[in-house]
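Reader: I am new to looking at protein structures. Could you walk me through one?

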Amino acid sequence: MKILGISFGGKNGANDSMCKEALMGASEQGAEIKFVHILDWDIKNCTGCVACSRSLTMGKGNVCAIKDDLEELLELILEADGIFISTPIFEKGATGLFHTLNDRLGPRADKGINMFAMKLAEEGHGKPIDPAWIKDKVVSFLGIGGSDWSTRVQTDTGMLALPWAWKIIDNKCYSWSKNIIMEDEKVAAVHQMGADLANAAKDMENAQYKGEKGMCPHCHCRNFYHIPNTNKAICCLCGIEGEMILNDGKLEFVFPESQLEHAHDTMSGKFIHAQDIQENEMKNMENRKTDKYKDAVKRYQSFIEPVMPSGR
Ligand SMILES: Cc1cc2nc3c(=O)[nH]c(=O)nc-3n(C[C@H](O)[C@H](O)[C@H](O)COP(=O)(O)O)c2cc1C
C-alpha cells in the first residue's frame, strides 16, 4: 500500500516536517512512502483552455495542453492508495500553488467525466482512459498557520478531494503553529493522522472520517453561503442546500435527504454536474457561431490592448 505525502510549505519548514511526521506514522503501519516538496516542481497555472474536459467528453483521452512537471507528479498521485497533504495557510486559505494544482486537476480528475470517457472508449468511440484515474483513494489534509487567520483553509483543502471522489479521513487545521515541531501534542496527532490514513488505505470500503465533526453533517465543512433574509444556507464544500435552525440554543444545519443526490461529492451529484456542464458547453459552442457573439468579442478586443511587461 502506497502513501504519498505532498507538502506545499517552504523547504524544511513546518509543513515539510509535519508531512514527514505523518509519513512516519503511515510507514509504521506498513505503507510504502514517498514525499514531494511541491515547490521543487514546475506546476504552471491553468489557463482555462478546457482542453482537458473537452477531450474527455469527446473521447480524445485524458490530456492537458500545458507542458510542465504535472504529468510526472500525476504518476505519483495515480499510483498512490492514500495521499497526505500539508499546506501553509495563506490569506486564511490554502496557498496559491495548492489552488493551481486544484485548477489543473479539477475537470481533468473528475471521476464522473473520466467514467463517461471510459464508457465512450468501451463503446468504441474514444481513446482508452487509465483506470487509475478512477481508483478509490483516501486522503488527509493538514493546514498550518502562523496566526489565527484560518477560517477558509479546510474548505479549500477538502475541495481537492471532490473531483476525484477521494474519501477524506481527516482534515485538520492548526493556528499559531509555525513552531509546531516543538509542540509534542500536535506532532503526535499528525503522526496519528498518518497511521489512520495508512490503515484507511488498507480497507477503503470501510474507511471512516476520523476528524472533528463539522457543521455540515455530510462533509464536515464549517463554511456556508447564506441566502440573505432567509434561514437558507448552502454548504460551501459539498453544495448541499438546507436550513440553519436553532436546536437547544445551538445552530444546526439541516437538509432534506434528497439533497444528497445533488451533492458535489456523491456520484449521482457528479453525474448531474457533468451533464449540466456538457449541455451548457453545447449551448456555448452554438452561441459562439452567432454574429452577436462574434461582434461582441470584436468590440471588446478592439476597445483596448492589454499592457504588457516591458521587453515583451
Ligand atoms: C503570503 C503569506 C500569507 C500568510 N497568511 C496567513 C494567514 O492568513 N493565516 C495564518 O495563520 N498564517 C498565515 N501565514 C503564515 C504561514 O501560514 C506560515 O508561515 C506557514 O505555516 C509556515 O509554513 P512552512 O514553515 O511550512 O513554510 C502567511 C504567510 C505568508 C508567507
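Author: Happily! A good starting point is the disulfide, a covalent bond between the sulfur atoms of two cysteines. To count as one here, the two cysteine sulfur atoms must lie within 2.5 Å. Keep in mind that this is a predicted model.

Reader: How many disulfides does a search of the whole structure find?

Author: Zero disulfides turn up when the whole structure is searched. Take C64 as an example: its closest cysteine sulfur belongs to C49 and sits 6.5 Å away, so the pair is too far apart for a bond.

Reader: And how far is the sulfur of C216 from the closest cysteine sulfur?

Author: That closest sulfur is in C238, at 3.8 Å, which is again too far for a bond. You can also look at how much of each cysteine is accessible. C64 has 14% relative accessibility and counts as buried. C216 is buried too, with a relative accessible area of 0%.

Reader: Next, the ligand. How many residues surround it, and which are the closest?

Author: The ligand is surrounded by 16 residues, and the closest are N15, I89, K92, I144 and W149. Sorting this shell by residue type gives six nonpolar, seven polar and three charged residues.

Reader: Which atoms of the ligand do G10, N15 and W149 approach?

Author: Here it helps to ask whether the protein atom belongs to the backbone or to a side chain. For G10, a backbone N or O atom lies 2.8 Å from an oxygen atom of the ligand. For N15, a polar side-chain atom lies 2.8 Å from an oxygen atom of the ligand. W149 brings a backbone N or O atom to 2.7 Å from a nitrogen atom of the ligand. On its own, the ligand has 640 Å² of accessible area, and the protein covers 73% of that.

Reader: K92 was among those closest residues. Where is the place of K92?

Author: Look in the loop between β3 and α4 for K92. Its backbone deserves a glance: K92 has a positive phi of about 75°, although it is not a glycine. With 34% relative accessibility, K92 counts as partly exposed.

Reader: What is the phi of W176, and is it positive or negative?

Author: W176 is not a glycine either, yet its phi is positive, at about 45°. You will find W176 in the loop between β5 (167–174) and α7 (184–202). This tryptophan is exposed, with a relative accessible area of 56%.

Reader: Now for the inside of the protein. How many residues does the largest nonpolar core have?

Author: That core has 36 residues, and I6, I38, I77, I83 and W164 have the most contacts inside it. Several helices and strands each supply at least two of its residues, including β1 (2–7), β3 (82–88), β4 (138–144) and α6 (153–164). The element that gives the most to this core is α3, with six residues.

Reader: Is K270 buried or exposed?

Author: K270 is buried, with a relative accessible area of 5%. This lysine belongs to helix α8 (residues 267–288). To see what its side chain meets, find L162: the backbone oxygen of L162 lies 2.9 Å from a polar atom of the K270 side chain.

Reader: I would also like to compare places in the sequence with places in space. How far apart are P163 and H264?

Author: Along the sequence they are 101 residues apart, while in space their C-alpha atoms are 8.2 Å apart. P163 is part of helix α6 and counts as buried, at 10% relative accessibility.

Reader: What separation do the C-alpha atoms of K34 and I83 have?

Author: Those two C-alpha atoms are separated by 9.7 Å, with their positions 49 residues apart along the chain. K34 lies in strand β2 (residues 32–37) and, at 37% relative accessibility, counts as partly exposed.

Reader: And what about the C-alpha atoms of S55 and D136?

Author: In that pair the residues are 81 apart along the chain, and the C-alpha atoms are separated by 23 Å. S55 sits in helix α2 (residues 51–57) and is buried, with a relative accessible area of 8%.

Note on methods:
Residues are numbered from 1 along each chain as its sequence is written. This is a predicted model: local features need pLDDT of at least 70, side-chain atom pairs count only at pLDDT 80 or more; totals for chains, interfaces and linings use all residues. Side-chain values use heavy atoms; hydrogens and water are left out. Buried means under 20% relative accessible area, exposed over 50%, partly exposed in between (1.4 Å probe, protein chains only). A residue is near a molecule or strand if one of its heavy atoms lies within 4 Å of it. A polar contact is a pair of N or O atoms within 3.5 Å; within protein, one must be able to donate a hydrogen and the other to accept it, and residues adjacent in sequence count only if both atoms are side-chain atoms. Accessible areas come from the Shrake-Rupley method with a 1.4 Å probe; for residues, only the protein chains shown count as cover. Ala, Val, Leu, Ile, Met, Phe, Trp, Tyr, Cys and Pro count as nonpolar, Asp, Glu, Lys and Arg as charged, and the others, Gly among them, as polar. A nonpolar core is a set of buried Ala, Val, Leu, Ile, Met, Phe, Trp, Tyr and Cys residues joined through side-chain atoms within 4.5 Å. Helices (H or I, at least four residues) and strands (E, at least two) are DSSP runs, numbered from the N terminus.
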